[in-house]
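Reader: I've got a model open and I'd like to learn how to read it. Can you walk me through it?

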There are 2 protein chains.
Amino acid sequence: MSQDPEDVAVLPPPRRPGATSADVARLAGVSRSTVSHILNGQVTRFAEETVGRVRDAAARLGYVPSAAGRSLVLGRSDLVVLAVPNTTLTNVQDIIEAIAADLDDLGYSVVVHFDRGGGAAANLARLQHVVDTLRPAGIVDLGSLSLRDLDTLEEQGCPILSPRPRHVRGVDEGNLAIARTQAEHLIDRGYTALAYAFLVDHRDDPFGRMRAAVVADVCAEAGLPAPTAISVPLDAAGAQTALCDLLRARGRPVGIACSNDEVGLAVSFAALALRAAVPGDVGVIGVGGGSVGQLVAPRLSTITFDVRASVGTIRRGVAAARGGVAEDDDPTLSPEIFLVLQGETT
Amino acid sequence: MSQDPEDVAVLPPPRRPGATSADVARLAGVSRSTVSHILNGQVTRFAEETVGRVRDAAARLGYVPSAAGRSLVLGRSDLVVLAVPNTTLTNVQDIIEAIAADLDDLGYSVVVHFDRGGGAAANLARLQHVVDTLRPAGIVDLGSLSLRDLDTLEEQGCPILSPRPRHVRGVDEGNLAIARTQAEHLIDRGYTALAYAFLVDHRDDPFGRMRAAVVADVCAEAGLPAPTAISVPLDAAGAQTALCDLLRARGRPVGIACSNDEVGLAVSFAALALRAAVPGDVGVIGVGGGSVGQLVAPRLSTITFDVRASVGTIRRGVAAARGGVAEDDDPTLSPEIFLVLQGETT
DNA sequence: TTGTAAGCGTTATCAG
DNA sequence: CTGATAACGCTTACAA
């Protein structure tokens, strides 16, 4: 209830939170538009002294433009939605981190969107809602979306920043390369009976299904019998059961392509526990190239994957979207970024 | 230019992208404010028929309120910033996913903010900028921020959704419990010489430092010599070198508390490679309870950590922040969520 | 070189 | 029960 006039006079002094462009304008003795122009790089053709005053005032007030206001008038935000699939790829954390760092440098914030149970349609619907609401500057898809989905999104004015995978018979190049490399490696090492090991419990794993199909193709090409699919849980007992069934069905030796490194470890140690020779009776190759596989004995053979290379592709996508430049040259993942890391399990 | 009046009548037909509340209002034959009220649950005291018409129109147009507009008028967005530390905790991916799912259900989107090199101050500055720009509905801190930082942020009107860790001599309860459990377990198993194994290369790992300090405290309490700190890289050769040095300095047996499960694996397999007995000459315990540690032989002893429990705490924080209710009862991580998972390395 | 004014889509307040 | 109207903070023609 104090009616001291000073209360009123004291209220609007430099307070960090919530300084608006109007405040900056007032302090600098210019208009809001001038502030906006100058702070958005339209520095040329403004009196040097004005630029100084504005920048100074902004700094003094700790002025940060509100994303809301910006987004409203621009029609899109400075957010990028990262669509993360329910995949068995091991590196997701690193990938997210790398992408976030990259986009952060460019002034974007990353909104994560994980696939969840409920099926592809439900996940797409959730994504769509996020896109409608947030009007993001773009989407980076880690494999959650089909080409159709990507097209739809793009038609709605939401740029796709990740490279559009080139599908061959429903399998994108990356998974094709991975699975083919796995299968060929196993065959090279002398295995004539192959199997594909899914990670159990990941209810929807499109990547896994694609890769299993590719392994089957490679077998067919090589005149080998079709691979057996097994589901491996990430516990020792369950893995042993799964492997036991496989050995009973296919005999030995058998080469097993695994959906990721953890499954690879589960399989190789299960084999050892069952007194099978690794390699020899059982050959195992994973995907991911994470460190764990290389720490244990026997070291896991695996497919390495250059995170930074694929992230670089995305960075280029962003640049393209900003500059309005059409995606130039080759936005494809070059196949040679998938390499066999020879361990002791094949 | 065609002047067919139908052109005008035909223009506003149901087009998905960019329907505004004005469009809905027009189609429903009401005003924008009515639309807003009804769509925000103020259904009571509106003519049932009006409610129907509005909902119908909204559905028909695929109307989704713009986050930008909302944020602008509300002064805060429906985003939640997730501050992720540069920690050695293994589960980060799962934690992020769980939190994102939780917040998604509540209508929030998650913006990830990873700590990066450059020091705590730089990271805080980046975070601060994000907060200023986005005016998020809240922050979930996974351990990146100090109590001071949290207070500052909250003063600026950004609710802290994660439980504020209770620090005892600079160490929060969680890390205290983890490290203490590790140390006491090793001592229980008969080790009288202890060591703490950091993950090398994680330039800033506040968690690791805290835990090493706690292990030292426990040693002191038990009248044991101070633990030795070692830095373990995630490759076999490097880990062997590090362990070799340790054994030379401390002799055998030695019990090693590791900053995470991967380091634990590196240490145990390095010990085996050096022909040390595990357990016996070398005891190893990790943190994380991830599946990998339990897949290999010898199974890693570790500290398990109930992700869902801690996420539940955050959910309660959100509820509190929305309801405006003061955080009730006990927002603390109950200590008993950290349990020893007895493997074969201690 | 700088200022004026309009409008982005939403919500809150208050009047009818 | 419903509707004007006024912000919210920003950008951007266009005018001076």
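Author: We'll take the nonpolar cores, then the DNA surface. This is a predicted model: local features need pLDDT of at least 70, side-chain atom pairs count only at pLDDT 80 or more, and totals for chains, interfaces and linings use all residues. Residues are numbered from 1 along each chain as its sequence is written, chains are lettered from A and ligands numbered from 1 in the order written, and side-chain values use heavy atoms, leaving out hydrogens and water.

Reader: Which residues touch the most other members of the largest nonpolar core?

Author: In soluble globular proteins, nonpolar side chains tend to be buried together. A nonpolar core is a set of buried Ala, Val, Leu, Ile, Met, Phe, Trp, Tyr and Cys residues joined through side-chain atoms within 4.5 Å; buried means under 20% relative accessible area (1.4 Å probe, protein chains only). Here, A:Val112, B:Leu82, B:Ile99 and B:Val112 lead among 89 residues. A second, separate core has 57 residues, including A:Val296 and B:Val232.

Reader: And which residues come nearest to DNA strand D?

Author: "Near" means that a heavy atom of the residue lies within 4 Å. Of the 25 residues around strand D, A:Ser21, A:Arg32, A:Tyr63, B:Thr34 and B:Ala47 come nearest. Sugar and phosphate make up 61% of the strand D atoms within 4 Å of the protein.

Reader: What about polar contacts?

Author: Look for N or O pairs within 3.5 Å. A polar backbone atom of A:Ser21 sits 2.5 Å from a phosphate oxygen of strand D, while A:Gly69 has a polar backbone atom 3.4 Å from a base nitrogen of that strand. For a side-chain case, try A:Ser36: one of its polar atoms is 3.1 Å from a phosphate oxygen of strand D.

Definitions and conventions
Buried means under 20% relative accessible area, exposed over 50%, partly exposed in between (1.4 Å probe, protein chains only). A polar contact is a pair of N or O atoms within 3.5 Å; within protein, one must be able to donate a hydrogen and the other to accept it, and residues adjacent in sequence count only if both atoms are side-chain atoms.
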